[in-house]
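Work through these short exercises with the model open beside you. Try each task before reading its solution.

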Amino acid sequence: MVAVDRLYYSLKDYLKHKYGRRVQKITVALPFTCPNIDGTKAKGGCTYCFSGTRPAHLEPQAPLRKQIEEGIKRAKERYGKNLLFFVYYQSYSNTYGDREYLKSIYDTALELEEVVGIDVGTRPDCAPEWVLDLLESYTLKGLEVWIEYGLQSANFNTLRFINRAHGISDFVDAVLRTKRRNLKVCAHIILGLPHEGKEDMLETGKLIASLPVDGVKIHPLHIIKNTKMAEQYARGEFEVLSLNEYAERAADIIEIMPPHMVIHRLTGEVEQERLIAPYYCTYARKQEVIKAIEGELSRRGSYQGCRTAFNR
Ligand code: SF4
């Protein structure tokens, strides 16, 4: 829960409280694809997607165990030895494969003693029962398992415009089925999507707040080179949020999130050379964005859960 002296309940606070020390995420990339790219659901992918949102420094062909070991080594050099780890399967749809392959990649996390959890990013239409069975089996082996579903917006017209190729109902269905199990759900949302106003973004936040979701990642829309959205943006079809606007909209969402909801992320970033706009979505400016949101909450005298979305 959000502490009285904190503005929101961060992932760092949640993990520290649960494990008694710093827990670091090791992000890995694997040669997955996505049903929105390979033609199963659609072709071309989400209009903002570039390489399944993979960080440029990660090489999906590198052996998984090596990627994890190198991530652990880098984290220890930076934060000291007293760490635990989550393996984060991030790019593309990390449940979109056959059972044997999925089992082999999740099993790799179990091989390392300091790994206490896995975090699996995927689409809400890529969570059949057998995948949830498999993921739940790791909780019986002592791992904490989070599954991250991209919703992005609760406005179906927006989902269609950005070519998500799934509906809001897919998200609700996936969340409800996942929460029948001992699994944790994190929802991804994007603020500032084309043609959305404050009310659209609030509605997305309200949908998350109404469901048994455990965590949320909030991202500003950012335009990456060589995407369909970059072409639309160049034609002037829509604008991106200024830093102030983004801080205001993110604060609106935090205010209506229940106090137990873990805020996994408050921004999104990409390498400077791949970014078109807005200027603040880079690794170098990440803290500036977080400070802007915290400043907005402080200015309002508000905090996570101070406004309930519903009549509870
Ligand atoms: S679902 Fe994810 S990986 Fe697939 S096209 Fe959209 S952003 Fe890219």
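The exercises below cover the sheet, its helices, two backbone features, the ligand shell and a pocket in this predicted model.

**Exercise 1. Determine the strand order of the open sheet, and find which strands stand at its edges.**

Step 1. Trace the sheet from one side to the other. Its seven strands follow the order S1-S2-S3-S4-S5-S6-S8.
Step 2. Check the pairing. The strands pair in parallel. In general, strands of a sheet pair through backbone hydrogen bonds, either parallel or antiparallel.
Step 3. Look for strands with a single partner. These are S1 (23–28) and S8 (262–265), so each has one side without a neighbour in the sheet.
Step 4. Add the twist. From one strand to the next, it averages 25°.

**Exercise 2. Describe how S1 is joined to S2.**

Step 1. Count the bridges. S1 and S2 (residues 84–89) run parallel and are joined by six.
Step 2. Pick out one pair. Thr 27 has Tyr 88 in S2 as its bridge partner.

**Exercise 3. Place helices H4 and H6 against the strands.**

Step 1. Start with H4 (residues 129–140). This helix lies across S3 (115–122) and S4 (144–152), and runs at about 140° to S4.
Step 2. Turn to H6 (residues 168–178). H6 packs on the sheet, where it touches S4 and S5 (184–191). The direction of H6 makes about 165° with that of S4.

**Exercise 4. Find a cis peptide bond and a positive phi outside glycine.**

Step 1. Recall the usual case. Most residues other than glycine have a negative phi, and most peptide bonds are trans.
Step 2. Go to the bond from Ala 277 to Pro 278. It is cis, with omega near -10°. Pro 278 sits in the loop between S9 (275–277) and H10 (286–300).
Step 3. Go to Gln 152, in strand S4. Its phi is positive, about 75°.

**Exercise 5. Characterise the ligand shell and the second largest pocket.**

Step 1. List the shell. Ten residues surround the ligand; Cys 34, Gly 45, Cys 46, Cys 49 and Arg 123 come nearest.
Step 2. Sort the shell by class. Six residues are nonpolar, two polar and two charged.
Step 3. Size the pocket. The second largest pocket holds about 160 Å³ of space. Its lining has 15 residues, with Gly 44, Gly 45, Cys 46, Cys 49 and Lys 228 closest to the centre.
Step 4. Sort the lining. Five residues are nonpolar, eight polar and two charged.

How values were computed. Residues are numbered from 1 along each chain as its sequence is written. This is a predicted model: local features need pLDDT of at least 70, side-chain atom pairs count only at pLDDT 80 or more; totals for chains, interfaces and linings use all residues. Side-chain values use heavy atoms; hydrogens and water are left out. A residue is near a molecule or strand if one of its heavy atoms lies within 4 Å of it. Ala, Val, Leu, Ile, Met, Phe, Trp, Tyr, Cys and Pro count as nonpolar, Asp, Glu, Lys and Arg as charged, and the others, Gly among them, as polar. On a 1 Å grid over the protein atoms alone, a cavity is a set of points where a 1.4 Å probe fits but cannot get out, and a pocket is an open set with protein on both sides within 12 Å along at least five of seven lines; lining residues have an atom within 4 Å of a point. Grid points are joined across faces, edges and corners, and a volume is the space filled by probe spheres set on the points. Two strands pair if DSSP finds at least two bridges between them. Helices (H or I, at least four residues) and strands (E, at least two) are DSSP runs, numbered from the N terminus. Axes are lines fitted to C-alpha atoms, for helices over the stretch in contact, and angles run from 0 to 180 degrees between N-to-C directions. Contact means heavy atoms within 4.5 Å.
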